Amino acid sequence: MKEKIIIAENLSKQFGHFKAVDNISFDVSKGEIFGFLGANGAGKTTAMRILCGLSYPSSGKARVAGFDVYHQQEQIKKNIGYMSQKFSLYEDLTVLENIRFFGGIYGLGKKELKNKSDELLQTLHLSGETSKLVRSLPLGWKQKLAFSVAIIHKPVIVFLDEPTGGVDPITRRQFWDMIYQASENGITVFVTTHYMDEASYCSRLSIMVDGQIRAIGSPAELMEQHHAENMDQVFFDLARTATRSAD
Amino acid sequence: MKQFLVFVRKEFLHAFRDRKTLLIMFGLPIVQIILFGFALTNEVKNSKLVIVDPSRDEASQALTNRIRSSKYFDIYREAMSYAEMEAAFRSGKIKAAIVFPQDFNEQWKHLNNVQLQLITDGSDPNTGRTIQNYLTAIINDFRNDRVNNGNAQVLIHPNIRMLYNPSLEGTMNFVPGVMALVLLLVCTTLTAVSIVRERELGTMEILLVSPFKPVYVLLSKAVPYFILSMVNLSVILLLGTYVLNVPVKGSVSLLLLASALFILTCLSMGLLISTLAKTQQTAMIISMMGMMLPTVLLTGFMFPIENMPVPLQVISNIVPSRWYYLITKDVMLKGLGFSAIWKELLVLGGMTVFLLLFSLKKFNNRLS
């Protein structure tokens, strides 16, 4: 059996009377690409914040990269990468300055940082653009760069919060090639998305409705269970049972 | 620690890349010093006045000459008629007039009571009052000299002198005022905006997910603006000394130390604003409007606090720049030492600690 990177058991988060996350249990194995799906307001972000060490659950248990979300937030933060739907790089800094900054705050040494950034720039074909401001790069490049920066410190797991919003299909495909690459290198990927074609790229996925996980499994399994031809149908099938309105 | 330096360097990059902000930061003090120093001075130099002198005797001529020789007054015309004088006032050509009586010399010699009319343009009461004071001083001087030379009788008259600013130079008071205003605006605004910007752009999330402690995010933002503000302060002091001729009379290091404390107060105020404001614009408006008005009105460098209604006097106590203004005036203009300003320093220190703790607490609450 493979090493579990995320283990969540009966995890809940309550704000007043509102159960944002309602008793969810799941696990993610090493090297997996785990899709975390749900309509807006289903509780994805809240759950993800707990797993990233940004907030505490109200009840239940969870371990990320082997560390407890209640007591070891610091260690969790050191072992995860994070890229958000909102843009994650500094637009008024150059490509190289961004790489150095994010490498620097994760404690990478000078030499390590140099090797890493050379390698990274080469892979992204950005070697000629190092002193360009990030602002001037096309959106697709920015997002690829943001992803590379998010895993520059070789985290155990990387959280991607709707990473491909607003990007054209070709760039999205390229972005997913990078995700596969990272997964092959042993980095576990935890991704939220609204694109159902992307959902079918995941090795396993869960669908959240009203704070609960209503379905979990590989895309093929889910389609079979719901007698659906594609992930779109599965998602609509579940999402329309929601009683809670989006935020 | 290494991470901290990485962060500080990044903040410097932000600051230097943002040309407009830099321009505001260093342009503001220069413009203000020049504006306040030269254009907005309330000093009365070369005021035009007329003399209406029907007596034209020895005593009146002597007084006229004395006024003429003062650098504060230019005699616009002598021997005007009363009607001409009124027209000159109305057209704004003159600021003051002196009207001698028909028999000035006679009155002077035989009575002990000389009547002299002194008219000033009341549409600008401040200037008018200043001119009146100047003229009265000249006339008193004149009377005193005459009495001492001619008669045995010695009249006692008050010797009026403005302490610390004997020639009533307006620029002196403005330099500490500008220092307080500029440091406050620049430090508070820049700190607040730079933190709110991270939140608005979404980069704050990335920082919070990193192992870098949230408190250090705030502190490392303060460092570059602290250093830039100290540079800014030096520019103001140099401008003050060499352009406006207002040197630092007291200890320069004491002044720098007190300023460093005041800058810290402003930075913590910026932190506090950043926890209240949701967007960069809001942060900008709160720090510009919310800071500018109390500083200009309640610090005492434009309007004396002693003359304000009691409620405003009480409120002025919580304006940090008020205390800083007192310190700079004491050290810069009066040349006083630590013993004179320790109370003000203590107040500023207390405010800084309070603001800092309060905003850190609010910042942490916002996270969870």
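A polar contact is a pair of N or O atoms within 3.5 Å; within protein, one must be able to donate a hydrogen and the other to accept it. The views below come from a predicted model.

**Figure 1. Polar contacts between chain B and chain A.** Eight residue pairs are in polar contact between chain B and chain A, with both residues at pLDDT 80 or more. Helices α1 (2-17), α7 (170-201) and α8 (203-209) of chain B each bring at least two residues to the side of chain B that touches chain A. The largest share comes from α1(B), with nine residues. By residue class, this side of chain B holds 10 nonpolar, five polar and eight charged residues.

**Figure 2. The buried surface between the two chains.** Chain B contributes 23 residues to the contact, and chain A contributes 27 residues. Together the chains bury about 2400 Å². Carbon and sulfur atoms account for 63% of that area. On the chain B side, I206(B), V209(B) and P211(B) supply 26% of the area buried against chain A. No other three residues of chain B supply more.

**Figure 3. The salt bridge between E97(A) and R17(B).** Side chains of opposite charge can pair when their charged atoms come close. Here the closest N and O atoms of E97(A) and R17(B) are 2.5 Å apart. Between chain B and chain A, the count is one salt bridge. Over all chains, the whole structure has 17 salt bridges. The E97(A) to R17(B) pair crosses between chains, running from helix α3 (residues 95-105) of chain A to helix α1 of chain B.

**Figure 4. The two domains of chain B.** The domain assignment splits chain B into domain 1 (9-40 + 169-367) and domain 2 (47-150). Domain 1 is thus written as two segments, 9-40 and 169-367. The C-alpha centres of domain 1 of chain B and domain 2 of chain B lie 47 Å apart.

**Figure 5. Confidence along chain B.** The mean pLDDT of chain B is 80. A pLDDT of 70 or more is reached by 87% of its residues. Among the elements of chain B, helix α10 (residues 252-276) has the highest mean pLDDT, at 91. Helix α5 (residues 104-110) of chain B has the lowest, at 73. Residues 154-168 of chain B stay under 50. For this stretch, the model has 18 contacts beyond four places in sequence.

How values were computed: Residues numbered from 1 in each chain as written. Chains lettered and ligands numbered in written order. Heavy atoms only, no water. pLDDT = per-residue confidence, 0-100. Helix = DSSP H or I, 4+ residues; strand = E, 2+ residues; numbered from the N terminus. Contact = heavy atoms within 4.5 Å. Buried area = accessible area lost by both parts, 1.4 Å probe. Salt bridge = Lys/Arg side-chain N within 4 Å of Asp/Glu carboxyl O. Polar contact = N/O pair within 3.5 Å; in protein donor to acceptor, adjacent residues only side chain to side chain. Nonpolar A, V, L, I, M, F, W, Y, C, P; charged D, E, K, R; others polar. Domains from an automatic or database assignment.
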